[in-house]
Amino acid sequence: MKLVVFDVDGTLVDSQAMIVGAMGAAFEAVGLVAPQRSDILAVVGLSLPVVITRLLPDDRKGQVDEVIEAYRDSFASRRIEQEAPLYDGARACLDALGTRDDLLLAVATGKSRRGLDAMLDHHDLHGRFVTLQTADNHPSKPHPEMLLSACAEAGVAPKDSVMIGDTEFDMLMAASARTDAIGVCWGYHDAATLRAAGVDVASDYPELQRLIEEWAQ
């Protein structure tokens, strides 16, 4: 049995507009200038406290908790109006992989469990994954604990597991956990950054499915 572990934001769902909008609104809500879009996108995938700490000016680090609360409120209000869409081909890929009796699917994400559950509810994806690892109970990526916990809960050794993600943080986490990794170039870090980690990079979901199936052989 082998384990395929998916990141969420930038890998399964296109949450870019929601994240950038919510982050800008959060900073403005506490009287700060919104970060540059490029700066926000560069840290997507890390846990929220780490993201906020990196984005805050040095003289405002004491406002981390305040900005986190404002971000969560802003993001939740946007979700009420519209959940981030799945990337084209994501559902078909999950459907195809889910029919195989030699693969298990899992999630390891920097999202909170509340945010992940909302995404799974909206897209009717509950039951697709044997284990769900979130930022609530683990150090931020690229620390390997989240991925190692996914392997342990699934009962699959790290050497028989692969991390699917769109950021360098996902690739570094996989390297630390001693799992394989495959990058996707439609998320927050470009293909060159991902390839620098020594992994194959998919340009779309059909190619990702092919790479996973080849890896599983």
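Let us start at K111, which sits in the loop between β2 (103–108) and α6 (113–122). Is this lysine buried or exposed? With a relative accessible area of 10%, K111 is buried. Its side chain makes a polar contact with the side chain of D9, at 3.4 Å. Keep in mind throughout that this is a predicted model.

From that loop we can step back to the sheet. Six strands make up an open sheet, with parallel pairing, in the order β3-β2-β1-β4-β5-β6. At its edges are β3 and β6 (200–202), each of which pairs on one side only. From one strand to the next, the twist averages 25°.

Now look at β1. This strand is largely enclosed by the rest of the structure, because four of its five residues are buried. β1 pairs with β2 in the parallel sense over five bridges, and F6 has V107 in β2 as its bridge partner. β1 also pairs with β4, again in the parallel sense, over four bridges; here V5 stands opposite M163 in β4. Moving on, β4 and β5 (residues 180–184) pair in the parallel sense over four bridges, with V162 standing opposite D180 in β5.

Several helices can be placed against these strands. Helix α8 lies across β2, β4 and β5, and runs at about 165° to β4. Helix α10 (residues 205–216) lies across β1, β2, β4, β5 and β6, at about 150° to β1. Helix α7 spans residues 145–154, and its buried residues are M146, L147, S149, A150, C151 and A154. What covers them? The cover for these buried residues of α7 includes β1 (2–6), β2, β3 (131–133), β4 (161–165) and α8 (168–177). After α7 comes G155, whose phi is positive, near 75°.

Helix α5 (residues 90–98) gives us another place to pause, at A90. A90 counts as buried, at 0% relative accessibility. Which residues does A90 contact, leaving aside its neighbours within four places in sequence? They are L12 and Y205. A90 and L12 are 78 residues apart along the chain, yet their C-alpha atoms are separated by 6.2 Å.

Next come the charged side chains. In general, side chains of opposite charge can pair when their charged atoms come close. The count here comes to nine salt bridges. One of them joins K141 to D7, with the closest N and O atoms 2.9 Å apart. This pair links distant parts of the chain: K141 is in the loop between β3 and α7, D7 is in the loop between β1 and α1 (16–29), and the two positions lie 134 residues apart in sequence numbering. Both K141 and D7 are buried. The pair also belongs to a network of salt bridges that links D7, K141 and D170.

A salt bridge within a helix offers a contrast in setting. R113 and D117 form one, their closest N and O atoms being 3.0 Å apart. Why can these two be reached along one helix? They are four residues apart in α6, so about one helical turn separates them. The general rule is that an α-helix has 3.6 residues a turn, so residues three or four places apart point the same way. R113 is partly exposed, with a relative accessible area of 35%, and D117 is partly exposed as well, at 24%. Elsewhere, the side chains of K159 and D160 meet in a salt bridge, at 3.3 Å from N to O. K159 is exposed, with a relative accessible area of 62%.

Our last stop is the cysteines. How many disulfides are there? The count comes to zero. For C93, the closest cysteine sulfur is that of C185, and because the two sulfurs are 14 Å apart, they are too far for a bond. C151 is in no disulfide either, its nearest cysteine sulfur, that of C93, being 18 Å away. Where do these two residues stand in terms of burial? C93 counts as buried, at 1% relative accessibility, and C151 counts as buried at 2%. C151 brings us back to α7, where it is listed with the buried residues of that helix.

Technical notes: Residues numbered from 1 in each chain as written. Predicted model: local features only at pLDDT ≥ 70, side-chain atom pairs only at ≥ 80, totals over all residues. Heavy atoms only, no water. Disulfide = S-S within 2.5 Å. Buried < 20%, exposed > 50% of the residue type's maximum accessible area, 1.4 Å probe, protein only. Polar contact = N/O pair within 3.5 Å; in protein donor to acceptor, adjacent residues only side chain to side chain. Contact = heavy atoms within 4.5 Å. Salt bridge = Lys/Arg side-chain N within 4 Å of Asp/Glu carboxyl O. Pairing = 2+ DSSP bridges. Axes fitted to C-alpha atoms, helices over the stretch in contact; angles between N-to-C directions.
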